[in-house]
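This briefing introduces a protein model to a reader who has not met it before. Please keep the sequence and the structure in view while reading.

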Amino acid sequence: MTTESDQGGAAASDESERDRLKSAVTDDAVSNEELERRVEQNLHGFESNFRQRHPVVWWLTLLVPVAMLVGAIIAVWSLRGWFFATKLVGAATATFFLLGRFVILLGQEGKLDSQLNFLKPWELFLMVCYMDAAAVLLVAFHVGGLFRLPWLGKRALSLVEDARFVLDRLPWMRKAAFTGLTLFVAFPLAATGAVGGSILGTLLGLGRLRVFLATVIGCLLGNGALYFAADTLGRYIDTDHWFFKFGGITVILCVILLMEYRYRKGKQKYQEEHEHPPPSEPSGRAGSVDDG
């Protein structure tokens, strides 16, 4: 049984490790591989301690996101019918694998019984917010478990270097950590989702609850901005026109690719300027979190 003093010691250890990570980000002597190892160790330790201290909450934050998504599909199927439900699932799939929150810009005000019409902007806004809420709830408290997955774990760890690049280019975020993380998540890039935000929040020295809140607010701001853009666009353009239906996705994909290209070019320049040395062999588990 975990005592109150044990919980206090674990919390102090977590905070101390976050401070060490925050300092390591700006230390050129610390390689990206070493920083990835420390981040992975920190988040593993947090999840282990969190499960021991709050087992009920741990299970709820693990199961509720899955139940949210399954429950939403069942509810929509029952209330709006299979046709609308299949369109919603298709839109969610496109959002997850390709378009991200940019899918909101493809909203149309046409009749939903038309096979060629997409969902309305406000429906896409609610769908993306719902998906973000489920993802944030899962990742904010279980990102340590993500690193155990064969392919996703490696992809998630690669975001450590992205977070380091962002902090190098935007040093003000270290002083305004909560605001900086919120704006980071709100910006629509591949590295700025729930996982990237969770890792950046760790490197900023924020606790998991503050990471969760900043990520939720950032998602709402980013989705809200795109909904406002879609609504404004709909006032001046006939979104039911065939050109918008078939050309809109092409334009959005080009915008996404351009943004990612500029981001990767900036990151490549950063990598050339900061060639970190290979990690030295650790003499012990210095800086590790208390797993007990």
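Two residues are in contact here when they have heavy atoms within 4.5 Å. Helices (H or I, at least four residues) and strands (E, at least two) are DSSP runs, numbered from the N terminus. This is a predicted model, in which local features need pLDDT of at least 70 and side-chain atom pairs count only at pLDDT 80 or more, while totals for chains, interfaces and linings use all residues. Residues are numbered from 1 along each chain as its sequence is written, and side-chain values use heavy atoms, with hydrogens and water left out.

**Overall architecture**

- The protein contains ten helices and zero strands, so read from the N terminus its elements follow the order α-α-α-α-α-α-α-α-α-α.
- Of its 292 residues, 45% are buried; buried means under 20% relative accessible area, exposed over 50%, and partly exposed in between (1.4 Å probe, protein chains only).
- The protein exposes about 15,800 Å², and carbon and sulfur atoms supply 65% of that area; accessible areas come from the Shrake-Rupley method with a 1.4 Å probe, and for residues only the protein chains shown count as cover.
- Among the contacts in the protein with a separation of 6 or more, 76% are between residues 24 or more positions apart.

**Confidence of the model**

- The average pLDDT of the protein is 78, and 79% of the residues score at least 70; pLDDT is the predictor's confidence in each residue, from 0 to 100.
- Among the elements, helix α1 (residues 4-24) has the lowest mean pLDDT, at 63, and helix α7 (residues 177-186) has the highest, at 90.
- Residues 112-116 have a pLDDT below 50, and this stretch makes 15 contacts in the model beyond near neighbours in sequence.
- Over residues 278-292 the pLDDT also stays under 50, and the model has 28 contacts for them beyond four places in sequence.

**Helices α3 and α4**

- Helix α3 (residues 55-80) packs against helix α4 (residues 82-99) at an angle of about 145°, and their axes are 7 Å apart; axes are lines fitted to C-alpha atoms, for helices over the stretch in contact, and angles run from 0 to 180 degrees between N-to-C directions.
- On the α3 side, I73, V76, W77 and R80 meet W82, F84, A85, L88 and V89 of α4.
- By class, this contact comprises eight nonpolar, no polar and one charged residues; Ala, Val, Leu, Ile, Met, Phe, Trp, Tyr, Cys and Pro count as nonpolar, Asp, Glu, Lys and Arg as charged, and the others, Gly among them, as polar.

**Individual residues in α3, α4 and α5**

- W58 belongs to helix α3 and counts as buried because its relative accessibility is 7%.
- Not counting residues up to four places away in sequence, W58 touches E47, F50, R51 and H142.
- The C-alpha atoms of W58 and S48 are separated by 9.8 Å, with their positions ten residues apart along the chain.
- T95 is located in helix α4 and counts as buried because its relative accessibility is 9%.
- With residues up to four places away in sequence left out, T95 touches G100, V103, M127, V128 and M131.
- T86 also has its place in helix α4, but T86 is partly exposed, with a relative accessible area of 38%.
- T86 and V76 are ten residues apart in sequence and 9.6 Å apart in space, C-alpha to C-alpha.
- E123 is part of helix α5 (residues 121-146), and with a relative accessible area of 7% E123 is buried.
- The C-alpha atoms of E123 and L88 are 8.9 Å apart, although 35 residues separate the two along the chain.

**Helix α8**

- Helix α8 (residues 194-203) is mostly covered, with ten of its ten residues buried.
- These buried residues are A194, V195, G196, G197, S198, I199, L200, G201, T202 and L203.
- G205, just after α8, takes a positive phi of about 85°.

**Cysteines**

- A disulfide is a pair of cysteine sulfur atoms within 2.5 Å, and by this rule the count is zero.
- C219 is in no disulfide, as the nearest cysteine sulfur, that of C129, is 7.9 Å away.
- C219 is buried, at 7% relative accessibility, whereas C254 is partly exposed, with a relative accessible area of 47%.
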